[in-house]
Each structure stands twice: as structure tokens, then as C-alpha cells.
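Please look over the sequence and the model shown below before reading on. The paragraphs after them go through a few parts of the structure in turn.

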Amino acid sequence: MQDLTPRVLPCVLCFAAALAALVAPGQALAAGIAGNPAAGKKVFVATGCATCHTLKAAGAKGVVASNLDKKKTAYAKIITFVTNGTTTKGIMPAYKTQLSAKQIRDVAAFVYTSTH
Ligand code: HEC
């Protein structure tokens, strides 16, 4: 049986590089951050996050809830808030039925990269 490792490995590396380029065109994201910030900006605007939040990068000036520029929320926490919303710290709708998992990752990547 022939060992395929030398031929398979470059393929895997090349695939990973292609995938990384697809996920974040022209932009290097920190480890553990998934999603496309440019697409996420559109989600942020279209979903109406600006009604409640301030976020400079989106031109958002909402004052009902926290200023995301100041909060500098961790990526995983952004995902949790957008997915489930909150009823204990004020009211933020859960977006899991309105947005796809990809849209939630995109909007989280946008909020994260524009505040870190
Ligand atoms: C109806 C008002 C409202 C809307 C719309 C809204 N939020 Fe929120 N959001 C809140 C409230 C209230 C909280 C919890 C208290 C706080 O942080 O001000 C919160 C918390 C957050 C947090 C956690 C902040 C932290 O570090 O504690 C993030 C991140 C966030 N929202 C992002 C979003 C995004 C992205 C959208 C759009 C998809 C959105 N929010 C839409 C009201 C809203």
C-alpha cells in the first residue's frame, strides 16, 4: 500500500488557505472569529440594531442599550446576545428565528472587528 500523505497534505493546506480567503476576503480575522464583517455590516443595518445601540462603524446612534464601541463585547458573547436576546438586562429580541446562523456569525464578526 502506497503512502499518500506527501501528496494529500499540500492539498489540505491549500484548501484551508482557499477557505480562509473565502471567509474573510482581504481581512485577517483573529483566531476563533468566524463570519464576514462586510456582510455583517449589512445585517446590522437591515436588522435595526441601531435602534438601540451605538456603533460608530455602522453609523448607529441608538441610546436605549449599551454603546457597543465602549462595551467591546467578546465574540462569543455577541453571538449569544444576538441569538437569544435578553429579557433580564433590558429588552433585546432573540434573532435566532429571524437571522440564519451565518448572518449571526457575520454580524458578530462585524461588531467584534469594528470594536477591537
Ligand atoms: C430593542 C432594543 C435592541 C435591539 C434592536 C438590539 N439590542 Fe442588543 N441589547 C439590547 C439590550 C437591552 C442589551 C442588554 C443591556 C445592554 O447591554 O445595554 C443588549 C445587549 C447587546 C450586546 C451585549 C453587550 C455587552 O457586552 O453586554 C450585544 C453585543 C448586542 N446587544 C448586539 C446587538 C446586535 C448585533 C443587534 C442587532 C442584530 C442588537 N443588539 C439589537 C437591546 C437591543
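Which residue just after α4 takes a positive phi? In this predicted model, that residue is G85, with a phi of about 65°. The loop on the other side, between α3 and α4, contains K72. K72 is not a glycine, yet its phi is also positive, near 50°. Is K72 buried or exposed? K72 counts as exposed because 10 C-beta neighbours lie inside 10 Å, and the limit for an exposed residue is 12 or fewer.

The next topic is α4 and its packing. Two packed helices are described by the angle between their axes and the distance between the axes. For α4 and α5, the axes come within 9 Å and cross at roughly 130°. The two helices are therefore oblique to each other. Their crossing is right-handed. On the α4 side, the contact is made by Y75, I78, I79, V82 and T83; on the α5 side, I104, V107, A108, V111 and Y112 take part. By residue class, this contact has nine nonpolar residues, one polar residue and no charged ones.

Which residues of α4 are buried? They are Y75, I78, I79, F81 and V82. The cover over these buried residues includes α5.

The helix α4 also takes part in the surroundings of the ligand. Four residues of the shell around the ligand come from α4, and this is the largest share. Helices that each supply at least two residues of the shell are α2 (37-47), α3 (68-71), α4 (75-84) and α5 (101-115). There are 25 residues around the ligand, and those that come nearest are C49, C52, S66, G90 and M92. The shell divides into 14 nonpolar, eight polar and three charged residues.

One of the residues nearest the ligand, C49, is also in contact with A60. Where is A60 found? A60 belongs to strand β2, which covers residues 60-61. Leaving aside neighbours within four places in sequence, the contacts of A60 are C49, A50, H53, T54 and L55. Another pair involving this residue is A60 and F44: they are 16 residues apart in sequence, and their C-alpha atoms are 9.2 Å apart in space. With 19 other C-beta atoms within 10 Å, A60 is partly exposed, since a buried residue needs 20 or more.

Definitions and conventions:
Residues numbered from 1 in each chain as written. Predicted model: local features only at pLDDT ≥ 70, side-chain atom pairs only at ≥ 80, totals over all residues. Near = placed C-beta within 6 Å. Nonpolar A, V, L, I, M, F, W, Y, C, P; charged D, E, K, R; others polar. Axes fitted to C-alpha atoms, helices over the stretch in contact; angles between N-to-C directions. Parallel < 35°, antiparallel > 145°, perpendicular 65-115°, else oblique. Left-handed = near helix turned anticlockwise from the far one by under 90°. Contact = placed C-beta atoms within 7 Å.
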